[in-house]
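Student: Please take a close look at the aromatic side chains and explain how they are arranged.

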Amino acid sequence: MNDKRTTDNDFDVQLPLDIPLSFAPRESRHGASPSAPHALLAGAQSRLVFVGVCFVIAFAVVALRLTDVMIFHHLHDDQVVENIEQQQRFTQPLRATLTDRTGEVLAISLPTKSLYADPKNILDAKAAARGLIKVLPDLNYDDVLQKLSSERRFIWLKRNLTPDEIYKVNALGQPGLEFESENVRIYPAGSSTVHVVGLTDVDGNGLSGMERALNSALEKNEQTKTLSLDLRLQHVVEREVQDAITTFNAIGGTGVVLDTWSGEVLAAVSLPTYLPAQVSEANDEQRFNRFSLGVYELGSVMKVVNTAAALESGKIHLGDFFEASQPITYGRFRINDYHPVHRPLSVEEIFLYSSNIGSAHMAMQMGTKYQREFMCRVGLCQNLETELPELGLPQIPSDWKDLRAMTAAYGHGVAFSPLQYMRAVSTIMNGGYLTPITFMKRDPVDHPLGQQVMSTRTSELVRRVMRANVTSDEGSGKKAEVDGYCVGGKTGTAEKNQGRHYEKDSRISSFVGAFPMTDPRYLVFVMIDEPKPTKQTYGFATGGWVAAPVVGHIIAQMGPLLGIPPMDENAPQVLAKTQLTIRTQKNDSDAH
């Protein structure tokens, strides 16, 4: 039969498992529709495509906006670029710590907050400015108002706020005021070490002193840097020099302690000084570094160098005598003695009486060429090399003729920084070794010995003369004596050069002392600038009255601080190394 029958079973439809049952084919009065399932699937797919397109469009809009903000917009907004770079530049790692040789902190960086503003977000510049000067009274209203009214997006208002200041600014509730994390450099020793340690600017860059010298290493913050200073000695020297300045109504002064074996600077003070946090308020005198940058005609302390040169030349011996009865006249110049003895003097006596006339005669006998060559040999002709960037240049005339040599013999006509002078004397004291000067702590065992530039014999003879200058009645350094520490030294008083002439009432008084003279380890130099005579000093303001006592006071405190035991200065083994017989007549034999 050709009869065909159609039933519901002719549609064998397999429904997907994830299609809801409500989408299943249903019978109608016209029968089941064979295209219904496909229509439903097509509708679902269309909706999914539509949703996907919407997401793509949304992401595209966001991406385009970010591109505009981050690239194209900033290409046309140099100020925003500047602001971002400025903020990034001030976010720096902590700077390495500086300590003294005992571990005491001299400079350290601590995290802090600085206040800035985005003027675009300031609703009322005048109200904000009034509020800020109330809680930060050191700010200026007009200056703050001008900043808050600018078109810039980033304006510093105050750096390194205290916690209390931060709290008060936050309490203002002013939008547009923000804080930036920074680092502040703290100097616990304050004014005492500022000329050595130095300073950084507000952005953490070294400006002076060891902060500048070690800037790159400190920025890397690899490890703590240890300086050669001993903070205990630093305070002692500062106190004693300041007392002398006050007592003699002087304009300033300096004091330095040097280790003659290692070349380490243990203390270095320049007065007047200033607090690091108040550098903007300090005057030129306070900021000036007298011990390494200042260059001075030092006067008779240079007789240490002249005497060493004379003995080292081989042409002069301690028992030799020189005429000192009459002043030396050279053209229109006249060389006199401050306290003339009016008789021939031995080399020892020339040192003890501090005779300018005798020293000038010694310079002529050893030879002007040799005198200058020896000064260069002990480091006085070349620029001083050390870490500290503030260094004065030595002033030595190129036309080294007879008059130059004679005046240089007693410290006039040549000028050096105290630190450079101390290096020369250290060489004479330590056996003749020109040891490099350093402000960094050195290994107590492994340190540079330096080049030997003179004989140990000459070194020993000069030590004996310096010791006699403190112990004998004729010596000018008696007030530097400290029982048990065997001190030796030399005074100096120099009239200050004012243009083309010297001022008699404007002087520099100094003293260089070493101890123990059996084998000098420590050198102490003090210079007082323009001291005035007092009744207590009987109208004198010379090195013997002004500076020698200061060195003595420093040494008296140094000994116990450094654990140096006092010695019996009259013990035979001590006298054998330090005693010297004063020659008063010609033909006496040389010292032994």
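Tutor: Tyr 485 is a suitable place to begin: its relative accessibility is 7%, so this residue counts as buried (under 20% relative accessible area with a 1.4 Å probe, protein chains only; over 50% is exposed, and partly exposed lies in between). The model is a predicted one, in which local features need pLDDT of at least 70 and side-chain atom pairs count only at pLDDT 80 or more, while totals for chains, interfaces and linings use all residues. Residues are numbered from 1 along each chain as its sequence is written, and side-chain values use heavy atoms, with hydrogens and water left out.

The structure holds 8 aromatic pairs, that is, rings of Phe, Tyr and Trp (its six-membered ring) with centres within 6.5 Å. In one of them, the ring centres of Tyr 485 and Phe 515 are 6.1 Å apart and the planes meet at 85°, so the pair is edge-to-face (over 60 degrees; under 30 is stacked, and the rest are tilted). Phe 515 has a relative accessible area of 0% and is therefore buried as well. This pair links distant parts of the chain, 30 residues apart: Tyr 485 lies in the loop between helix H17 (456-471) and strand E14 (488-498), and Phe 515 in strand E15 (residues 501-515). Helices (H or I, at least four residues) and strands (E, at least two) are DSSP runs, numbered from the N terminus.

Elsewhere, Tyr 116, Phe 154 and Trp 156 are joined by ring pairs into a cluster. Over the ring of Trp 156 sits the charged end of Arg 159, 4.2 Å from the ring centre (NZ of Lys or CZ of Arg within 6 Å of the centre and within 35 degrees of the ring normal). The charged end of Lys 490 sits over the ring of Phe 351, 5.8 Å from its centre.
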